[in-house]
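Work through the exercises below with the sequence and the coordinates at hand. Try each task before reading its solution.

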Amino acid sequence: MKLYYSDHYTLPLPSNHRFPMDKYGLVRSSLISQKIVTPEELIPATPLSLETIALAHDESYIQALINQTLPEARRREIGFPLSERLVLRSRSSAGGFLEACQTALQLGLAGNLSGGTHHAHRDRGEGFCVFNDFAIASFWLMKYRALKKILILDLDVHQGNGNSSIMGQTPGIDIISFHGKNNYPYRKVASSLDVEFNDFTEDSEYLHRLTNVISGLATDYQIILYQAGVDALKEDTLGKLSLSMEGLRKRDELVFGFAKSHHIPVAVALGGGYSKPIDLTVRAHVQTFMVASDLFYKKPPS
Ligand SMILES: [Zn+2]
């Protein structure tokens, strides 16, 4: 399983910053120590060209980031201090996802150990998201791989408002978002299908609804872009739902099982996860790749 990473572009944050930047390196090292991937299968992501980013973003927004002239209010919406390093890291993260999509088309499965930056809009970033990796990748796949039917399955606990604002009206892209009804973003942008949950929703209800949605899906998608955020975990500090680690495992089995059984390539992005301490989030992210690897690569016992 090839996985792309961007944690070599570290982003120094103030010590009181609530974003868990450390999780990316921890997920990568844990995947190796648990032998879910070999070091050779982990590939440093290549930063995207500005031309590719412009498939999904306004030129004026891209230039304001590059020239560090983004207005203060817009910087605050992103939630990270604006720096050349942030822009480079964001280009790398989106690049890793595009590479994962291309690899998934060849091999059936690939992942990006960051990203799922579904809150970024065409003309602005927000919620720790600078560039919208799923929108860039979707438009690229349509333009350069002639794909005509893409499924975005967004199971991060926060609604993918940026995905819907950029791609919601694009024929050939279906967007499904499962998220907390009372959670950020408070102004949601309609997806093809929005499944909302009340606070403290547990495994049984969540998995029941996911099973129903998946069983009704078309089976002729040419790729699934899976935002596998683990912030629906009950210990998550920004999640508000009450899923267990086992519930997340079953969630991932449903998604990868569907993709595998219908031979649909799947590209996975890490998405959100904010447990404190960060260990449970790291375990949940690692579990996603373990489930994928077991389903796609493990030989059945003879
Ligand atoms: Zn999230």
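**Exercise 1. Count the helices and strands of the chain, then judge its compactness.**

Solution. Start with the secondary structure: the chain has 10 helices and eight strands. Helices here are DSSP runs of H or I with at least four residues, strands are E runs of at least two, and both are numbered from the N terminus. Next, take the radius of gyration, 18 Å; the globule rule gives 19 Å for 302 residues, so the chain is as compact as a globular protein of that length. The radius is taken over C-alpha atoms, and the rule is 2.2 Å times the number of residues to the power 0.38.

This is a predicted model: local features need pLDDT of at least 70, side-chain atom pairs count only at pLDDT 80 or more, and totals for chains, interfaces and linings use all residues. Residues are numbered from 1 along each chain as its sequence is written.

**Exercise 2. Find what share of the chain is buried, and what share of its contacts join residues at least 24 apart.**

Solution. Burial comes to 49% of the 302 residues. A residue is buried if 20 or more other C-beta atoms, placed from the backbone, lie within 10 Å of its own. Now the contacts: of those between residues at least 6 apart in sequence, 73% join residues at least 24 apart. Contact means C-beta atoms, placed from the backbone, within 7 Å.

**Exercise 3. Trace the partners of strand β1.**

Solution. β1 covers residues 2–5 and runs parallel to β3 (residues 109–112), with three bridges between them. Two strands pair if DSSP finds at least two bridges. In this pair, Y4 faces N112 of β3. β1 also pairs in the parallel sense with β2 (residues 42–44), again over three bridges. There, Y5 has P44 as its bridge partner. Finally, add helix α1 (residues 23–33): β1, α1 and β2 form a right-handed β-α-β unit. Right-handed means that, with the strands pointing away from the viewer, the path from the first strand over the helix to the second runs clockwise.

**Exercise 4. Which order do the eight strands take in the open sheet?**

Solution. The order is β2-β1-β3-β8-β7-β4-β5-β6, with parallel pairing. β2 and β6 (193–197) are the edge strands, each pairing on one side only. β6 pairs with β5 (residues 173–180) in the parallel sense over five bridges. Within that pair, I176 stands opposite L193 of β6.

How values were computed. A residue is buried if 20 or more other C-beta atoms lie within 10 Å of its own, exposed if 12 or fewer, and partly exposed in between; C-beta atoms are placed from the backbone. Two residues are in contact if their C-beta atoms, placed from the backbone, lie within 7 Å.
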